[in-house]
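Reader: I am new to this structure and would be grateful for a close look at a single part of it. Please begin with whatever helps me to find my bearings, and then take me through that part step by step.

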Amino acid sequence: MIDGIRLIERNYMKIIKITAAILATSMALLSMRPIPAKAASKTVSIDMNGDGIKERITFKKSQYDNNYYHLFTVSVNGSRRFSSKDWLYDYNYKFIKLGKKHLLYINPYSDNYDGPRLIYEYRGDKLKKVYDFDSLYGCRWINSINSKNNKIKAMIQDSGAPLIGYSSYYVTLSYRNGRLKPDSSTLQVAGYQNTNNDSPQMKRYSLPVTKSIRIYSDKKCTKYKQTVPKGTRLRVTKRYSTNIKSASFYVTGDGYSGWYSSKDWDYDVMLDGCTGVA
């Protein structure tokens, strides 16, 4: 009877830790968002195309009803160049310097901070979409986005990745032929949560796997290598994906190393302490 009570107490404490970790992640997302815009209309002057002349960029949210705005627009020099009729609470934007010009990152968002995450270039008096983060597997939020050495570097976040749940990754984008493209299909894992730890910090933890898993010697997961037993402590360091439907994750630890396929994943197969949401 006492053992049963202790088991209930342990499970109860684990639920509390998971809830606290999810709340901590939500607060971290708030603190890492690009410049938040609160006014219904805001105008910024900046040289978008690198010709030495500043454009007037106006962001506007309108048609407010029942706690939502129903229209978001971006105008350049008084002419509307982007509009979205999806319901939204607010929006993020950021100008990203690339060479002599500035690209525009915009993110109108609604519930759970979900919404499109897009990058535009001002070209020929129009805003041309040069990247959509929805083209990346598991990209639900953008934690940070900046430019360095004429490249765009972003940290993206997944809310429910195989094995590791809430997790973040580094992606580098290069401008080629009028578009931004990832430099590699393999992304480095920045970190993931560990609810067994009182700290909400996301790192590449070494944690025991809750069930045995199959791993492969190649990133496309076509060559079976071995089975990793339940309880083996693993660390996830890389992610490979060429589409939005599947990915593979490089795991290493306790003498094992290889790629784990998202196609083999079931929701109850996680590293112990990792969690996520749909």
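**The open sheet and its surroundings**

Author: The structure holds zero disulfides. A disulfide is a covalent bond between the sulfur atoms of two cysteines. Cysteine 139 is buried, with a relative accessibility of 8%, and cysteine 274 is likewise buried, at 10%. The model under discussion is a predicted one.

The part chosen for a close look is an open sheet. Four strands make up this sheet, in the order S2-S3-S4-S5, and their pairing is antiparallel. The edges are held by strand S2, residues 41-46, and strand S5, residues 79-84. Each of these two has a single partner strand, and therefore one side of each has no neighbour in the sheet. From one strand to the next, the twist averages 20°.

At the S2 end of the sheet, the pairing can be followed down to individual residues. Strands S2 and S3 are joined in the antiparallel sense over six bridges. Lysine 42 has phenylalanine 59, in S3, as its bridge partner.

From S3 the path leads on to the loop before S4. Strand S3 covers residues 55-65 and strand S4 covers residues 68-76, and asparagine 66 is found in the loop between them. Asparagine 67 lies in the loop between S3 and S4 as well. The phi angle of asparagine 66 is near 55°, which is a positive value in a residue other than glycine. For asparagine 67, phi is near 75°, again positive in a residue that is not glycine. What of their accessibility? Asparagine 66 has a relative accessible area of 57%; because this is over 50%, the residue counts as exposed. Asparagine 67 is also exposed, at 53% relative accessibility.

A residue outside this sheet may be set beside the loop. Serine 167 is placed in strand S12, which spans residues 165-176. The relative accessible area of serine 167 is 0%, so the residue is classed as buried, the limit being under 20%. The side chain of serine 167 makes a polar contact of 2.7 Å with the side chain of tyrosine 169. Leaving aside neighbours within four places in sequence, serine 167 is in contact with Ile156, Gln157, Asp158, Ala161, Gly191, Tyr192 and Met202.

To draw the account together: the open sheet runs in the order S2-S3-S4-S5, with S2 and S5 at its edges. In the loop between S3 and S4, asparagine 66 is exposed and asparagine 67 is exposed, whereas serine 167 is buried.

Note on methods: Residues are numbered from 1 along each chain as its sequence is written. This is a predicted model: local features need pLDDT of at least 70, side-chain atom pairs count only at pLDDT 80 or more; totals for chains, interfaces and linings use all residues. Side-chain values use heavy atoms; hydrogens and water are left out. Buried means under 20% relative accessible area, exposed over 50%, partly exposed in between (1.4 Å probe, protein chains only). A polar contact is a pair of N or O atoms within 3.5 Å; within protein, one must be able to donate a hydrogen and the other to accept it, and residues adjacent in sequence count only if both atoms are side-chain atoms. Contact means heavy atoms within 4.5 Å. Two strands pair if DSSP finds at least two bridges between them. Axes are lines fitted to C-alpha atoms, for helices over the stretch in contact, and angles run from 0 to 180 degrees between N-to-C directions. A disulfide is a pair of cysteine sulfur atoms within 2.5 Å.
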